[in-house]
Amino acid sequence: MGIIEKMRLDGKAIYVTGAASGIGKCAAMAFAEAGADVAIVDINLEGAQKVAEEIKEATGSNTIAIQCDVTNQEQVEAMVAKVVETYGKLDACYNNAGICINEDAEKMTYEQWLKVININLNGVFLCATAAGRVMLKQGYGSIINTASMSGHIVNVPQPQCAYNASKAGVIMLTKSLAVEWAKKNVRVNCISPGYIGTELILNNEGLKPLMKQWNDMAPMGRVGKPEELQSILVYLAGDSCPFTTGSDIVVDGAFTCF
Ligand code: NAD
């Protein structure tokens, strides 16, 4: 099989969390375009159903929509079980759901801190370990998590200590799982996007005024587009990179280079 064929995802079963919008939706579309059956997972069921329909229509992928709060262990276990029941296996997953709260550290409440850590870090732990248990049993699988350039740098000017800490945690969790499961043919990688123009950014009133500043600061003079993460995600989900595990792939238009 040639390298391009190995990168295709025909016949693979993949779930994506946080897939009702933004990066998750765009990733789900890419997996489906590459041939996979994709489960669209989100706390927002209506949004997930809409995306599942849209992707099915565009690609012919056998999509399903599943409502799941990634901070709820029972719901996460049920979500993974539903994916396996539907497709008979779980080839890959993209644990991507996340939120950001921008607040000065001295004003941040413990509730705000916990909310961010729960969704962004604990949610990835719950999803990755639930998926990992299935994949270890199968003897194969690829887990992808969404970290952020904020796991590497304190990207001023907006204060977001909980977000930064959660994403640094995702990077180390990814590496830890990768090492534990390296001999078992279960790969675990994460991507660290820079600023990407999605709802998370565009609908956040607090962040809107900062957009010009980000564009000015960015080496490329602009933020990224969700589509610009698609190829790396398809690559990580597929069979063309068996030696790629424990990697944190930064896709940030060189933002963290200076
Ligand atoms: P988004 O707000 O467009 O999408 C996030 C999705 O996650 C939404 O559909 C939301 O309903 C879902 N979600 C929120 N809480 C959930 C929960 N508890 N359980 C299940 N689903 C839940 O955001 P996005 O920009 O597409 O961000 C996706 C991921 O990428 C996040 O982890 C974010 O931190 C990360 N990221 C984003 C950027 C960026 O600039 N947009 C940069 C780096 C990393």
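Is helix α2 mostly covered or mostly open, and how many of its twelve residues are buried? In this predicted model, α2 is mostly covered, with eleven of the twelve residues counted as buried. Those buried positions are G22, I23, G24, K25, C26, A27, A28, M29, A30, F31 and A32. The helix itself runs over residues 22-33 and spans 17 Å from its first C-alpha to its last, close to the 16 Å expected at 1.5 Å a residue. Just beyond the end of α2, G35 adopts a positive phi of about 115°.

A natural next step is to look at the core. The largest nonpolar core of the model holds 72 residues, and within this core I14, A28, F31 and I40 touch the most other members. Helix α5, which covers residues 110-138, supplies the largest share of this core, namely ten residues. Two of the four best-connected core members, A28 and F31, also appear among the buried residues of α2. For I40, another of these four, the contacts can be listed in full once neighbours within four places in sequence are set aside: V16, A19, A20, A28, A48, V51, A52, T63 and A65. A28 of α2 is thus both a partner of I40 and a buried residue of the helix.

Two packed helices are described by the angle between their axes and the distance between the axes. For α2, one such partner is helix α9, made up of residues 230-237; the two axes come within 9 Å and cross at roughly 55°. Angles of 35 to 65 degrees count as oblique, and α2 and α9 are therefore oblique to each other. The crossing of α2 past α9 is right-handed. On the α2 side the meeting residues are C26, A27, A30 and F31, and on the α9 side they are Q230, L233, V234 and A237. F31 therefore has a place in this helix pair as well as among the core members that touch the most others.

A second pair of helices, α5 and α6, packs at an angle of about 15°, with the axes 8 Å apart. Because angles under 35 degrees count as roughly parallel, α5 and α6 are described as roughly parallel to each other. As α5 passes α6, the crossing is right-handed. From α5, the contact draws on Q112, W113, V116, I117, N120, L121, V124, F125, A128 and G132, while α6 contributes A162, Y163, S166, K167, G169, V170, L173 and L177.

The backbone also offers a few local points worth a visit. N185 has a positive phi of about 65° although it is not a glycine. This residue sits in the loop between α6 (161-180) and β6 (186-193), and N185 is partly exposed, with 15 other C-beta atoms within 10 Å. A254, likewise not a glycine, has a positive phi of about 75°. A254 belongs to the segment after β7 (248-251) and counts as exposed, with 11 C-beta neighbours inside 10 Å.

Finally, G88 lies in the loop between α4 (73-87) and β4 (92-95). With 8 other C-beta atoms within 10 Å, G88 is exposed. G88 and T245 are separated by 157 residues in sequence and by 24 Å in space, C-alpha to C-alpha.

Key
Residues are numbered from 1 along each chain as its sequence is written. This is a predicted model: local features need pLDDT of at least 70, side-chain atom pairs count only at pLDDT 80 or more; totals for chains, interfaces and linings use all residues. A nonpolar core is a set of buried Ala, Val, Leu, Ile, Met, Phe, Trp, Tyr and Cys residues joined through C-beta atoms within 7 Å. A residue is buried if 20 or more other C-beta atoms lie within 10 Å of its own, exposed if 12 or fewer, and partly exposed in between; C-beta atoms are placed from the backbone. Helices (H or I, at least four residues) and strands (E, at least two) are DSSP runs, numbered from the N terminus. Two residues are in contact if their C-beta atoms, placed from the backbone, lie within 7 Å. The expected span of a helix is 1.5 Å times one less than its number of residues. Axes are lines fitted to C-alpha atoms, for helices over the stretch in contact, and angles run from 0 to 180 degrees between N-to-C directions. Angles under 35 degrees count as roughly parallel, over 145 as roughly antiparallel, 65 to 115 as roughly perpendicular and the rest as oblique. A crossing is left-handed if the near helix is turned anticlockwise from the far one by less than a right angle, and right-handed if clockwise.
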